[in-house]
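Trainee: I have a new model open on my screen and would like to learn how to read it. Could we go through some features together?

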Amino acid sequence: MEPSRMTLYRFGNTSSSSLWYELAYAEAKGRVKRGDRVWQVGFGSGFKCNSAVWQAIRTVDPAGERSPWTDEIDSFPADVPKVEGGLK
């Protein structure tokens with residue numbers, strides 16, 4: 001959930017591209033190792049849903065990669081306040 005929450009916090013609702021920002025977040029944090037599987041699930045309007053399972057063919061070295069998170073990854077996860085009472 002952390003990559004999803006931090007993507008929403010930093011970029012807002014970017015629709016389907018959020019999945020790629022979330023994967024980039026996990027890579028920038030050094031959490032993707034060779035052989036790991038990542039399950040991406042996207043939900044659209046109505047009953048639309050799609051998913052993909054990726055298997056890492058190499059360990060991702062965050063220091064050697066450029067991503068949308070490169071310049072600020074050390075300041076995440078940010079403390080995001082919870083909304084009391086839910087959305088109205």
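Mentor: Gladly. Let us start with a side chain: the side chain of Q40 reaches the backbone oxygen of L19 at 3.3 Å. Please keep in mind that this is a predicted model.

Trainee: Where is Q40 placed?

Mentor: Q40 belongs to strand 1, which covers residues 37–43.

Trainee: And is Q40 buried or exposed?

Mentor: The general idea is to look at relative accessible area, where under 20% means buried. Q40 has a relative accessible area of 8%, so Q40 is buried. Leaving out residues up to four places away in sequence, Q40 touches L19, W20, L23, N50, S51, A52 and W54.

Trainee: Could we step back to the whole chain? How many helices and strands does the chain have?

Mentor: The chain has two helices and two strands. Read along the sequence, these follow the pattern α-α-β-β. The C-alpha trace spans about 45 × 30 × 15 Å along its principal axes, and buried residues make up 24% of the 88 residues.

Trainee: How do I read contacts by their separation in sequence?

Mentor: Take the contacts between residues at least 6 apart in sequence, and ask what share of them joins residues much further along. In this chain, 50% of those contacts join residues at least 24 apart.

Trainee: Does a database record say anything here?

Mentor: An unreviewed UniProt entry carries the annotation "domain: Beta-ketoacyl-[acyl-carrier-protein] synthase III C-terminal", which covers residues 6–55. Over residues 6–55 the chain is 34% helix and 28% strand, with the end C-alpha atoms 23 Å apart.

Trainee: Now the helices, please. At what angle do helix 1 and helix 2 pack?

Mentor: For a helix pair, look at the angle, the axis distance and the handedness. Helix 1 (residues 2–11) and helix 2 (residues 18–28) pack at an angle of about 115 degrees, and their axes are 9 Å apart. The crossing of helix 1 past helix 2 is right-handed.

Trainee: Which residues in helix 1 and helix 2 meet?

Mentor: From helix 1 come E2, P3, S4, M6, T7 and F11, and these meet S18, Y21, E22 and Y25 in helix 2. Sorted by class, this contact has five nonpolar, three polar and two charged residues.

Trainee: Can we zoom in on T7? Is T7 buried or exposed?

Mentor: T7 lies in helix 1. Its relative accessibility is 0%, so T7 counts as buried. Apart from its neighbours within four places in sequence, T7 is in contact with G12, S18, Y21, E22 and W69.

Trainee: What are the buried residues of helix 2?

Mentor: They are S18, E22, L23, A24, Y25, A26 and A28. These buried residues pack against helix 1 and strand 1.

Trainee: What should I look for where a helix ends?

Mentor: Check the backbone angles there. Just after helix 2, G30 takes a positive phi of about 75 degrees. A little further on, V32 lies in the loop between helix 2 and strand 1. V32 counts as buried because its relative accessibility is 6%. With residues up to four places away in sequence set aside, V32 touches A26, E27, A56, T59 and V60.

Trainee: And the part after strand 2? Which peptide bond is cis?

Mentor: The peptide bond from F76 to P77 is cis, with omega near 10 degrees. P77 is found in the segment after strand 2 (49–55). From C-alpha to C-alpha, P77 and V32 are 17 Å apart in space, while 45 residues separate them in sequence.

Trainee: What else lies in that segment?

Mentor: P68 is found there, and E72 lies there as well. P68 has a relative accessible area of 36%, so P68 is partly exposed. Beyond its neighbours within four places in sequence, P68 is in contact with R10, F11, Y21 and A24. P68 and F11 are 57 residues apart in sequence, with their C-alpha atoms 10.0 Å apart in space.

Trainee: And what does the side chain of E72 make a polar contact with?

Mentor: The partner is the side chain of R10, at 3.2 Å. E72 is partly exposed, because its relative accessible area is 35%. As a last distance, E72 and T59 are 13 residues apart in sequence and 21 Å apart in space, C-alpha to C-alpha.

Note on methods: Residues are numbered from 1 along each chain as its sequence is written. This is a predicted model: local features need pLDDT of at least 70, side-chain atom pairs count only at pLDDT 80 or more; totals for chains, interfaces and linings use all residues. Side-chain values use heavy atoms; hydrogens and water are left out. Helices (H or I, at least four residues) and strands (E, at least two) are DSSP runs, numbered from the N terminus. Buried means under 20% relative accessible area, exposed over 50%, partly exposed in between (1.4 Å probe, protein chains only). A polar contact is a pair of N or O atoms within 3.5 Å; within protein, one must be able to donate a hydrogen and the other to accept it, and residues adjacent in sequence count only if both atoms are side-chain atoms. Contact means heavy atoms within 4.5 Å. Axes are lines fitted to C-alpha atoms, for helices over the stretch in contact, and angles run from 0 to 180 degrees between N-to-C directions. A crossing is left-handed if the near helix is turned anticlockwise from the far one by less than a right angle, and right-handed if clockwise. Ala, Val, Leu, Ile, Met, Phe, Trp, Tyr, Cys and Pro count as nonpolar, Asp, Glu, Lys and Arg as charged, and the others, Gly among them, as polar. UniProt positions are given in the numbering used here, feature names are shortened, and annotations may be inferred rather than shown by experiment.
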